Amino acid sequence: MIEAPFPTAFPVPDPAGSQVLTQRIAGLTARIDAAALACGRAAGAVTLTAVVKTQTRQTLADALSAGLTVFGENRVQEARDHWAGVPGRERLELRLIGPLQTNKALDAVRLFDVIETLDRPALADALAKACAKTGRSPRLLVQVNTGAEPQKAGVLPDDVAALLAHARTLGLRVDGLMCIPPVDEPPEPHFTALADLAARHGLGVLSMGMSGDWETAVRCGATHIRLGTALFGAR
Ligand SMILES: *Cc1c(COP(=O)(O)O)cnc(C)c1O
């Protein structure tokens with residue numbers, strides 16, 4: 001297959017930009033470790049996923065230079081544009097944290113190391129097919145709509161068991177669960193519910209917590225927190 005080359009080379013990091021990020025990362029990492037230790041967990045138990053939706057390639061270059069290696073993307077196409085031709089791609093972990101259409105499953109499997117938003121049987125079918133076709137097998141999380149919000153992606157809590165069973169019959173490995181609590185409710189009951197569901201199904205990975213609520217999420221057992229604003233400023 002012949003790929004059109006990306007029109008612009010990956011930018012050189014900007015020293016001022018990467019210095020600002022380096023300081024923010026150091027401050028956040030210290031707070032994340034402190035939050036983990038405060039509830040009897042190990043420092044380093046929580047992975048920071050840098051959410052880079054809407055960011056420029058310059059910001060990505062600065063982020064790499066500041067030492068970030070785990071990135072969250074909301075859209076397949078934006079992710080492809082973001083990371084085309086980036087040096088050292090194999091050392092990075094790209095995680096899809098936005099909703100995935102079945103017709104983009106093949107692209108997603110080619111691009112991402114982790115897909116956090118498996119939320120329906122038809123998508124499991126499409127991912128299994130894409131894995132077979134590409135020989136790749138990104139790690140998967142099931143997104144749970146803990147608030148049962150009609151407009152939000154995610155499987156309802158009562159349907160998690162059936163979706164996990166369906167994924168298993170397809171040979172897909174699911175490592176954990178992800179959620180985005182309703183914006184207008186305290187997040188803690190949602191994080192606790194997600195942690196309980198994961199424990200019930202023997203799943204070790206919990207992606208929960210964003211810039212406004214990550215400390216609560218760490219207290220509730222998050223293994224991955226997804227930070228955009230706290231790292232890069234308001235979008
Ligand atoms: C945008 C986004 C984030 C990051 O949100 P911030 O509040 O900017 O930290 C995390 N998770 C998902 C699924 C997102 O879409």
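The dialogue below walks through strands, helices and a few single residues of a predicted model.

Me: Where should I begin if I want to see how the strands are arranged, and in which sense do β1 and β2 pair?

Reply: Begin with the bridges that join one strand to the next, and then ask about direction. In this predicted model, strand β1, which covers residues 47–51, pairs with β2 in the parallel sense over two bridges, and within that pairing A50 stands opposite F71 in β2. The chain travels from β1 through helix α2, residues 57–65, before it reaches β2, and this β-α-β crossover is right-handed.

Me: What lies on the other side of the pairing, that is, how many bridges join β2 to strand β3?

Reply: Four bridges join β2 to β3, the strand of residues 93–96, and these two also run parallel. If you look for a pair of residues to fix the register in your mind, take G72, which stands opposite R95 in β3. The connection is again made by a helix, since β2, helix α3 (residues 76–83) and β3 make a right-handed β-α-β unit.

Me: When I look along a strand, I see side chains going to both faces; which residues of β2 point which way?

Reply: In strand β2, residues 70–73, V70 and G72 point one way while F71 and E73 point the other way, and all of them are buried.

Me: Now for the helices: how do α2 and α3 lie against each other, and at roughly what angle do their axes cross?

Reply: For a pair of helices, you can ask how far apart the axes are, at what angle they cross, and which residues meet. The axes of α2 and α3 come within 9 Å and cross at roughly 65°, and the crossing is right-handed. At this meeting, R57, L60 and L64 in α2 face D81, H82 and W83 in α3 as contacts.

Me: Which residues of α2 are buried, and what covers them?

Reply: The buried residues of α2 are R57, T59, L60, A61, D62 and A63. Their cover includes α1 (15–38), β2, α3 and α9 (229–232). While you are at this helix, notice also G67 just after α2, which takes a positive phi of about 100°.

Me: How do I read a residue in a loop, for instance I97: is I97 buried or exposed?

Reply: A loop residue can be read in three steps, namely its place, its accessibility and its contacts. I97 lies in the loop between β3 and α4 (105–111). I97 counts as buried because its relative accessible area is 7%, and buried means under 20%. Leaving aside neighbours within four places in sequence, the contacts of I97 are V51, G72, E73, N74, E116, T117, M178 and R226. Its C-alpha is 9.6 Å from that of F71, although I97 and F71 are 26 residues apart in sequence.

Me: What does the same reading give for G98, and which residues does G98 touch?

Reply: G98 is also found in the loop between β3 and α4. G98 is buried, with a relative accessible area of 0%. Not counting residues up to four places away in sequence, G98 touches E73, N74 and T117. G98 and A153 are 55 residues apart in sequence, yet 8.7 Å apart in space from C-alpha to C-alpha.

Me: Let me turn to strand β6: how many of its residues are buried, and which strands pair with it?

Reply: Five of the five residues of β6 (residues 174–178) are buried, so this strand is largely enclosed by the rest of the structure. Four bridges join β5 to β6, and the two run parallel, with V174 in β6 as the bridge partner of L140. β6 also pairs with strand β7, residues 205–207, in the parallel sense over three bridges, and there M178 stands opposite S207.

Me: Which helices belong to the β-α-β units around β6?

Reply: One right-handed unit is made by β5, α6 and β6, and another right-handed unit is made by β6, helix α7 (residues 188–200) and β7.

Me: As a last exercise, where is T146 found, and which side chain does it join by a polar contact?

Reply: T146 is found in the loop between β5 (139–143) and α6 (160–169). At 17% relative accessibility, T146 counts as buried, because the limit is under 20%. A polar contact of 2.9 Å joins the side chains of T146 and H190. Setting aside residues up to four places away in sequence, T146 touches P157, C179, P181, H190 and L194.

How values were computed. Residues are numbered from 1 along each chain as its sequence is written. This is a predicted model: local features need pLDDT of at least 70, side-chain atom pairs count only at pLDDT 80 or more; totals for chains, interfaces and linings use all residues. Side-chain values use heavy atoms; hydrogens and water are left out. Buried means under 20% relative accessible area, exposed over 50%, partly exposed in between (1.4 Å probe, protein chains only). A polar contact is a pair of N or O atoms within 3.5 Å; within protein, one must be able to donate a hydrogen and the other to accept it, and residues adjacent in sequence count only if both atoms are side-chain atoms. Contact means heavy atoms within 4.5 Å. Two strands pair if DSSP finds at least two bridges between them. A crossover is right-handed if, with the strands pointing away from the viewer, the path from the first strand over the helix to the second runs clockwise. Axes are lines fitted to C-alpha atoms, for helices over the stretch in contact, and angles run from 0 to 180 degrees between N-to-C directions. A crossing is left-handed if the near helix is turned anticlockwise from the far one by less than a right angle, and right-handed if clockwise.
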